[in-house]
Amino acid sequence: MQKGGALRREGDRDRDPNARVDLDLKDRDSKLGDAMESLAQLEALCERLYNSQDSAERAHAENSLRCFSVNAEYIPQCQYILDNALTPYALVLASSSLLKQVTDQSLSLQLRLDIRNYLINYLATRGPELQHFVIQSLIQLLCRLTKFGWFDDDKFRDVVKDSMSFLIQATPDHYAIGLKILSQLVSEMNQPNLGLPTTHHRRIAFSFRDQSLFQIFQISLTSLQQLRNDAISSLQELALSLSLKCLSFDFVGTPIDESSEEFGTVQVPSSWKPVLEDPSTLRLLFDFYAVSQPPLSKEALECLVRLASVRRSLFTNDAARSKFLAHLMSGTKEILQNGQGLAQHDNYHEFCRLLGRFRVNYQLSELVNVEGYSDWIHLVAEFTLKSLQSWQWASSSIYYLLGLWSRLVSSVPYLKADAPSLLDEFVTEITEVFIRSRFDSVQAGILYEISENPLDNVELLQDQLDCFPQLCRFQYEASSLYILNMVDPILQAYTESAKLEASDKSKLPVIEAKLAWIVHIIAAIVKNRQCTGCSAESQEVIDAELSARVLQIIKVTDSGLHSQRYGELSKKRLDCSILTFFQNFRQSYVGDLAMNSSKMFAHLSELLGLHDHLVLLDVIVGKIGTNLKCYTDSEEVVDRTLSLFLELATGYMTGKLLLKLDTVKFIASNHTREHFPFLEDSRCSRSRTTFYYILAWLIFLEDSPVKFKSSMEPLSQVFISLESTPNAMFRNEHVKYSLIGLMRDLRGIAMATNSRRTYGLLFDWLYPTHMPLLLRSISYWADSPEVTTPLLKFMAEFVLNKAQRLTFDSSSPNGILLFREVSKLLVAYGSRILSLPNVADIYAFKYKGIWICLNILTRALAGNYVNFGVFQLYGDRALADALDIALKMTLSIPLNDMLAFQKLTKAYFAFEEVLFNNHIDFILNLDTSTFIRMVGSLESGLKGLDTNISSQCASAFDNMAAYYFNNITMGEASSSPSAVNLARHIVECPTLFPEILKTLFEIVLFEDRGNQWSLSRPMLSLILISEQIFADLKAQIMALQPAEQHQRLALCFDRLMTDVTRSLDSKNRDRFTQNLTAFRHEFRAK
């Protein structure tokens, strides 16, 4: 299409393609009417849309202009705006509207080609005069057209050639546009789109990789070469950014994860080999780094990071790879020698990442054989030492360097070459300087109040210290001696400070912070027991020496003055480090997976008298007990303490050992707020569930009903107190917090019951004596989510039949009695919550309680421990009342809200699946409007992206369709009320089954779901209900496809029903599922 030509609308094939569209917005746009009488008014609307500070004004403008992006009839108007508008915002509106049309609408091939050609001509003629954001919006549109039309016409794949026409023009503006097109094209091809199935995206991306990406990478290198001495830095930045995007492309469908070695290899195609083996490629980027400033220099280093990670199989042979490595080492050596650019933090950080990449892709044996290795390793060691000393500036970068040294020392045992590694000269000094730098950071942190203290993020700190143990164990005797010499004076000072007066404690925060660092370092060392420098036995002896220092710290930290400092931040950090040490020590030396460690305990016995696992466990549990007693307001310390306690309790061997300890026996008998004040602190209230889970787990290990009953005595007292509270006083704060705590405690106990025996103990304790309190509580506190949420969550856990724990004797009525309690509870809560007015935070106030109620009922209905026929047989309304109130609660929630909150969504569709599977009579006996609403919500869930919900909805549809097929289509004239009602619903809504089948076919054919098997089940049921429905749908689908495909698709549909009979037996269903899988592949094949 020539410049100035009109874009043809869909269906206007008789119009001259080169005729000017005589467009007047007032006449053409009847929907905007008086609000937009001219182009100037449209420009004013666009100005308000993008610049107005008034949200109502922006919303009005957006609503007025929405038609341009949703209706293909407005495509000529978009062209008119591009040709005639004077403001950049109007141009952005036109291009963004076209982008949405191209992404969301099925535009004809010719129209898309017309838009493409128009854009290229438009950018060539008007591009240099447009603002940057307008150019970028137009280029994004061009690249989206290219991607979506990649396999539709060869002209779309000419975009690289079209970009070259911009590059060969003399003006810098055209050159910049050409580079921007290529850069956006690479980004567009690399990113999935919502409007494109993932498999289709990968096909396009791989085709683009094979046909165009290498050419674009060569263009970027050529541009860098030409622009090396150019004064226009913006062009250099564009060319360098293009190189980086090419090297960052997702070559094999697995995005690069920079933080993981597993995915740290860049899988460039073999066709790139000549360019990457050419020394000038690396030289160009190193030279570009040397003469540029950030951000250009940083991007040059990022390119080098990618090149350093190129897969080893790319190279012709080992010699070529060694040559490449030599150039990498030479380039980094030059930077290390002159320090070029490393004063800028961005460059420094990226250079550390570049050095860190040597550990990912190269072995020590390869490095030592490179000429100049000795100078290189000396320079890297000096750079590492300087970095460690400049910890304030390089705190986030040094771990790349430690990772490099860690990988090098771990490779020493496998080094067979005669060339020395020279690591002995540096590793010990690096470990010592690292520890000193941590101490320096402590001193500075106290003086300058550093906002982000590494000790506050224990998980991140341990991840960063993962590589440090290899450095220590490389020359373990020397490193451990240094650590001991550092820790002993500090420990001595800490011991003496315990005897000081409370007023003299100014130095304690520094001492405690240094000890916390030492304990974290020892914890990391103990966790990693790889042997490199000395024997396993000698390493165990040294581990014992280091561990003994930590155990001495523990003995001191809860004595004297220190026992008054549990509210101090530095004390909390130290105790968190001790908990980390215990976790790591347990994994290596205590319990089920611990290695044989006779030397460890022999030496600990000599040093501290700790001769076996049990004695050491007593120390650990003692610290756990102390923390739970003394930390009344620190949620972090309590949570980490309970996490350690949980690991010990759930271990097969350690759990049994814990039962022998007096501390555990004390906790089991005295779990009250007087002994453990955290139980009454609202900030730690969630921890109560974990605490009682651990406690119950240990109690249940003993298999003693008497032990269980005695251990529950403190909670029995709470029950008695609450049950005896008069109604007039049941709404006070003391009752409220007692209820909250009690329900959290009961939930933890219920979670620990994993067998019929243990569940029976809990059930017999609660029913029938204490169950009335739950009903009373829900009745009085229905308007308080603080109370109802833990109560309902307990009940949801109590009715869950996990591990078949709810298995009662054949003569026992307990299952029925339990469900009656559930029904009363749900009716009490539901009837009250529905009568309350909505509040601002409706989720917390109402929806959260409703979804927990749905979970309770779903678990009870699906638990397989109640014969629900009994209720109707004996006229008991427990089941009917529970279903009625659950239905009322779900109907009170708008569908949009139902789908907006994830937990509510999951609970609702799980409930629907159970109803359609096990209680379909209840659904079918609803009035038609309610029935249609519930089925409509299932269709929304079917279309959603959550695979589990989609499968649940498919199962519900299958049960409904199978019921119709068996009772109406194939059955004789049925007098069943449910069958009559279903037939009536379908008569009143005849499009129901066709719409469901259409939705299922669209999902299977045009989306990539992981639940094809589940989706196939209702499809067969619906097809068998009516052949006419299937025939009509087949005609609709084929009408949307090109005419030349109709014959092939007709054969596909015929093969879909091959050997499928009019039956819903399992063999027939499996045959249809196999046919559907083949049908899907054949249908999607071009």
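What follows is a walk through the core, the main pocket, the cysteines and a few backbone oddities of a predicted model.

The nonpolar core is a natural place to start. The largest one takes in 373 residues, and the members touching the most other members are W405, F819 and F1001. As for helices, the biggest giver to this core is α26, spanning residues 508–527, which puts in 15 residues. In soluble globular proteins, nonpolar side chains tend to be buried together. F1001 gives a good feel for the packing: once neighbours within four places in sequence are set aside, F1001 is in contact with M1019, I1023, F1030, L1033, I1037, F1053, L1056 and F1079.

A little further along the chain sits L1005, a residue of helix α51. L1005 is buried, at a relative accessible area of 1%. With neighbours within four places in sequence again left out, the contacts of L1005 are I1037, F1079, R1080, F1083 and R1084. Two of these names have come up already, since I1037 and F1079 are also in the contact list of F1001. Looking back along the chain, F916 is 89 residues from L1005 in sequence, and the two C-alpha atoms are 26 Å apart in space.

Helix α51 turns up again at the largest pocket. This pocket holds about 2000 Å³ of space. Its lining counts 49 residues, and the ones nearest the centre are S106, G195, P197, H200 and F1006. Several helices each supply at least two lining residues: α6 (88–104), α7 (109–126), α8 (132–148) and α11 (198–226) are among them, and so are α51 (992–1006), α53 (1027–1039), α54 (1046–1056) and α55 (1066–1084).

One stretch of the chain also comes with a label from a record. An unreviewed UniProt entry annotates residues 61–124 as "domain: Importin N-terminal". In the model, that stretch is 81% helix and 0% strand, with its end C-alpha atoms 31 Å apart.

Now for the cysteines. The disulfide tally is zero. C467, for one, is unpaired, and the nearest cysteine sulfur, belonging to C472, is 10 Å away. That is no match for the 2.5 Å cut-off, so C467 and C472 do not count as a disulfide. C467 is buried as well, with a relative accessible area of 11%. C684 is likewise in no disulfide; for this residue the nearest cysteine sulfur is that of C576, 12 Å away. C684 has a relative accessibility of 0%, so it counts as buried.

The backbone has some quirks worth flagging, starting with cis peptide bonds. One joins P294 and P295, with omega at about 5°. P295 is in the loop that links α14 (279–291) to α15 (296–308). Another cis bond lies between Y767 and P768, where omega is about 0°. P768 also has a loop position, between α38 (756–766) and α39 (771–780).

Positive phi angles come next. D703 is not a glycine, yet its phi is positive at about 55°. D703 sits in the loop between α34 (687–701) and α35 (705–711), and its relative accessibility of 47% makes it partly exposed. N864, another non-glycine residue, has a positive phi near 65°. Its loop runs between α42 (842–862) and α43 (869–873). With 72% relative accessibility, N864 counts as exposed.

Key
Residues are numbered from 1 along each chain as its sequence is written. This is a predicted model: local features need pLDDT of at least 70, side-chain atom pairs count only at pLDDT 80 or more; totals for chains, interfaces and linings use all residues. Side-chain values use heavy atoms; hydrogens and water are left out. A nonpolar core is a set of buried Ala, Val, Leu, Ile, Met, Phe, Trp, Tyr and Cys residues joined through side-chain atoms within 4.5 Å. Buried means under 20% relative accessible area, exposed over 50%, partly exposed in between (1.4 Å probe, protein chains only). Helices (H or I, at least four residues) and strands (E, at least two) are DSSP runs, numbered from the N terminus. Contact means heavy atoms within 4.5 Å. UniProt positions are given in the numbering used here, feature names are shortened, and annotations may be inferred rather than shown by experiment. On a 1 Å grid over the protein atoms alone, a cavity is a set of points where a 1.4 Å probe fits but cannot get out, and a pocket is an open set with protein on both sides within 12 Å along at least five of seven lines; lining residues have an atom within 4 Å of a point. Grid points are joined across faces, edges and corners, and a volume is the space filled by probe spheres set on the points.
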